[in-house]
Amino acid sequence: MLTKILSAAHFGLETTPIEVEVNIAKKGFPGFTIIGLPSKSVEEAKERVKTALVNSEVDFPNAKITVNLAPADIPKEGSNYDLPIAIGILASLEAVRLPEGKSYFYGELSLDGKLRHTRGVFLLALSAKKNGVKRVFVPAASAKEASVVAGVRVYPVVALEQVIGHLNGVSKIQKLKDSKRLKLQTGEQLVEFDFNEIIGQEQAKRAMEIAAAGGHNIFMQGPPGSGKTMLARALAGVLPPLSLEESLEVTKVYSVTGNIEPGEALVTARPFRVSHHTTSRIGLIGGGSNPHPGEISLAHNGVLFLDEFPEFSRSTLESLRQPMEDGVVTVTRAAGSVEFPARFMLVAASNPCPCGYLGDTKRACKCSPRMIMRYQSKLSGPIMDRVDLHINVPAVDVEKLMPRAGKIRKHESSSVIRERVLRARKVAQKRFSGEGIYINAAMKNKHVKKYVKIKPEAMVVLKQAVSAYGLSARTYFRVIKVSQTIADLAGESVIKAEHVAEALQYRVRSGD
C-alpha cells in the first residue's frame with residue numbers, strides 16, 4: 001500500500017515541502033530502502049525508525065519497504081524525516097488514520113520511540129503558514145519555536161505512541177497556545193563586564209557608545225592588557241534589546257543551525273559572537289555542500305568580535321568585504337544559491353605589532369621593521385575603509401589602577417550609557433520609519449541625501465578633511481553617518497561642525 005506524508009527540507013533559510021512516499025509491497029524480498037537523494041543521516045533513519053516502531057509495540061512488517069523523498073532532485077539532510085517515515089509505514093499498514101487536510105510531520109526519533117529536539121522547526125512553521133498547512137506535528141522540545149507563527153496548529157509530540165493515539169482518536173495531543181500572547185523580554189542582558197569596571201580609556205568608552213548607538217563597526221589597536229577585550233565584552237551591556245522584527249530574523253538563523261535551546265522560542269538576546277583567529281573562511285562566512293550560516297550570520301542584528309584581527313588568514317578577512325557593505329552574504333553551490341542575513345556590528349581588536357609593544361613608552365618593541373610591515377599589511381585598505389571608528393587603546397597608568405584611599409573615581413555604569421544609546425536609537429528608528437532600516441550605519445547613500453541635515457560650516461570641515469587626508473568616497477559617507485549618530489546622542493537634529501570634528505578624529509588618526 002502507498003502512503004504520502006508531508007514534511008520539509010531546508011536549503012539555507014528557505015524551506016521546501018517534501019512528500020514522503022512510503023510503499024509496502026507484499027511481493028519481493030524483504031528490505032528497507034530510502035531513495036530521493038538522501039544523505040548519510042537520512043539513510044540511518046532506517047534503523048532508528050525500525051527500532052522505534054518495535055519499542056512502541058508495533059509489529060514491523062517483514063516486507064519490501066520503499067521510501068521516496070520527493071522531489072528527488074533536492075538533496076535531503078538531517079534526521080527530521082524519522083517521524084514522517086514512521087507515520088508513513090503505520091499508515092501503509094493501516095495502523096493509523098491520517099488527518100484530513102494537510103499536516104506536516106517533522107522530527108528525529110530516539111530508539112525508544114521518543115522524539116528529540118530537532119533543528120529547523122521555526123522555519124517549518126513559516127513554511128506551513130506560507131503553503132496553507134494547518135497542522136504541524138513536531139517534537140515537544142522544539143514546539144515553542146513553531147508556536148511563534150500565528151495561524152498554525154502546533155502539536156507537541158513527546159513519543160511515537162502519543163501520535164498513534166492522537167491519529168486514532170484514542171488520546172488527543174493538546175495543541176500549543178497561539179503566539180499572539182507572546183511578548184519579547186526587554187530586561188537587561190547579562191554581560192561579563194560593566195563599563196564602570198574599566199579604569200581609564202575614556203575616549204575608547206566614548207567610541208564604544210557611538211558605535212552602539214549607530215551600529216557602527218569599530219577597530220581597536222593597543223598593547224596587550226590595555227583593556228580591548230574588556231571594552232568589547234562590555235559593549236553587550238549597552239546595546240538595546242531586539243525588536244520583534246529583529247528577533248524573528250535572528251530566530252530563523254538560530255533555528256536552522258540548531259542553536260535554539262530545547263523548550264525555547266524566540267531569540268530575545270542580541271547576539272554577541274566571538275570567533276577565534278583559527279576560524280576557517282566557511283566557518284566565518286558560511287557555506288558547505290548544503291550551505292549553512294557562518295558566524296557573521298549568527299551575529300546578525302548583533303555583534304561579531306574578532307580579537308587578534310591580523311592573525312586571521314588574509315582570504316578570510318577579505319571575504320568580509322561584501323557582507324560588511326551589503327548586510328547579506330550569498331553562497332553559491334551546484335545545488336543553487338542561498339542568501340543569509342549578515343547585518344552585524346564588527347568589533348575588531350589588534351596589537352600594533354607581533355610583540356604588541358610598538359610605540360609603547362615603557363616597553364621596547366622587539367619586532368623588526370619587516371615583521372611589523374608584514375603584520376600590519378594583513379589588514380587591507382578596503383577592509384579598514386569599511387570600519388567607521390578607529391581608536392588607539394593605550395596601556396593604563398599603574399597609578400590609575402591603584403588609586404589612593406579616598407580618591408577613587410566613579411565611572412559611568414553600562415546602564416547610564418545604555419539609556420543614551422536607547423534614546424539615540426529611537427531617534428534613528430523614527431527617522432527611518434518605513435525604510436526597513438533601524439540604525440545610522442545601515443544608511444545607503446540615498447538615505448544620507450534624504451534624511452541627513454548638515455550645517456554649512458560642518459560641511460566645510462568635512463570637505464577640508466577629505467582634501468587634506470585623501471579620504472575615499474566611502475569614508476566620506478561613513479564620516480557623515482558617524483556624525484549623525486553623534487548628533488543623535490547630543491539630541492541635535494542637525495549635524496554641527498563639532499559633530500563632524502569628533503567623527504573625523506576616529507578616522508584620520510589611523511592614517512586614512
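Q: Is E209 buried or exposed in this model?
A: The model is a predicted one, and the value for E209 is computed from its atoms. The relative accessible area of E209 is 6%, and a residue counts as buried when that area is under 20%. E209 is therefore buried.

Q: Which residue in helix α7 meets the side chain of E209 in a salt bridge?
A: Helix α7 covers residues 202-214, and within this helix E209 has a partner 3 residues away, which is about one turn. Because an α-helix has 3.6 residues a turn, residues three or four places apart point the same way. The two side chains meet at 3.9 Å, N to O, and the partner, which counts as partly exposed at 27% relative accessibility, is R206.

Q: How many residues apart in sequence are the parts that E209 and R420 tie together?
A: E209 also forms a salt bridge with R420, in which the closest N and O atoms are 2.8 Å apart. E209 belongs to helix α7, whereas R420 belongs to helix α17, which covers residues 414-431, so the parts that this pair ties together are separated in sequence by 211 residues.

Q: Which strand holds R273, the salt-bridge partner of E295?
A: E295 and R273 form a salt bridge whose closest N and O atoms are 2.8 Å apart. The pair links distant parts of the chain, 22 residues apart, with E295 in helix α11 (residues 295-298) and R273 in strand β11. E295 counts as buried because its relative accessibility is 14%, and the strand that holds its partner R273, residues 272-275, is β11.

Q: How many salt bridges does the structure hold?
A: The pairs described above, E209 with R206, E209 with R420 and E295 with R273, are among them. Salt bridges also link E325, D385, R386, D388, R474, R478 and R507 in a network. For the whole structure, the number of salt bridges is 25.

Q: How many of the 6 residues of strand β17 are buried?
A: Strand β17 covers residues 345-350 and is largely enclosed by the rest of the structure. M345, V347 and A349 point one way from the strand, while L346, A348 and S350 point the other way, and all of them are buried. The number of buried residues in β17 is therefore 6 of the 6.

Q: In which sense do strands β10 and β14 pair with β17?
A: Strand β10, residues 218-221, pairs with β17 over 4 bridges, and in this pairing M220 stands opposite A349. Strand β14, residues 303-306, pairs with β17 over 4 bridges as well, with L304 standing opposite L346. For both β10 and β14, the sense of the pairing with β17 is parallel.

Q: Why is C355 not bonded to the closest cysteine sulfur, in C353?
A: C353 is buried because its relative accessibility is 0%, whereas C355, with a relative accessible area of 23%, is partly exposed. A disulfide needs two cysteine sulfur atoms within 2.5 Å, and the structure holds 0 disulfides. The sulfur atoms of C355 and C353 are too far apart for a bond, at a distance of 3.5 Å.

Q: Which element gives the most residues to the lining of the largest pocket?
A: The largest pocket has a volume of about 660 Å³, and of the 35 residues that line it, M324, E325, R343, A441 and A442 lie nearest its centre. The elements that give two or more residues to this lining are α13 (321-326), α18 (445-451) and α20 (473-490). The lining divides into 15 nonpolar, 9 polar and 11 charged residues, and the element that gives the most to it, with 5 residues, is α20.

Q: Which residue, with a positive phi, follows helix α3?
A: Helix α3, residues 82-92, is mostly covered, with 11 of its 11 residues buried. The buried residues include D82, P84, G88 and S92. The residue that follows α3 and has a positive phi, near 60°, is E94.

Q: What percentage of the 512 residues of the protein count as buried?
A: The protein has 21 helices and 18 strands, and its C-alpha trace spans about 85 × 50 × 50 Å along its principal axes. Of the 512 residues, the share that count as buried is 51%.

Note on methods:
Residues numbered from 1 in each chain as written. Predicted model: local features only at pLDDT ≥ 70, side-chain atom pairs only at ≥ 80, totals over all residues. Heavy atoms only, no water. Salt bridge = Lys/Arg side-chain N within 4 Å of Asp/Glu carboxyl O. Buried < 20%, exposed > 50% of the residue type's maximum accessible area, 1.4 Å probe, protein only. Pairing = 2+ DSSP bridges. 1 Å grid on protein atoms, 1.4 Å probe; cavity = no way out; pocket = protein on both sides within 12 Å on 5 of 7 lines; lining within 4 Å. Points joined across faces, edges and corners; volume = space filled by probe spheres on them. Nonpolar A, V, L, I, M, F, W, Y, C, P; charged D, E, K, R; others polar.
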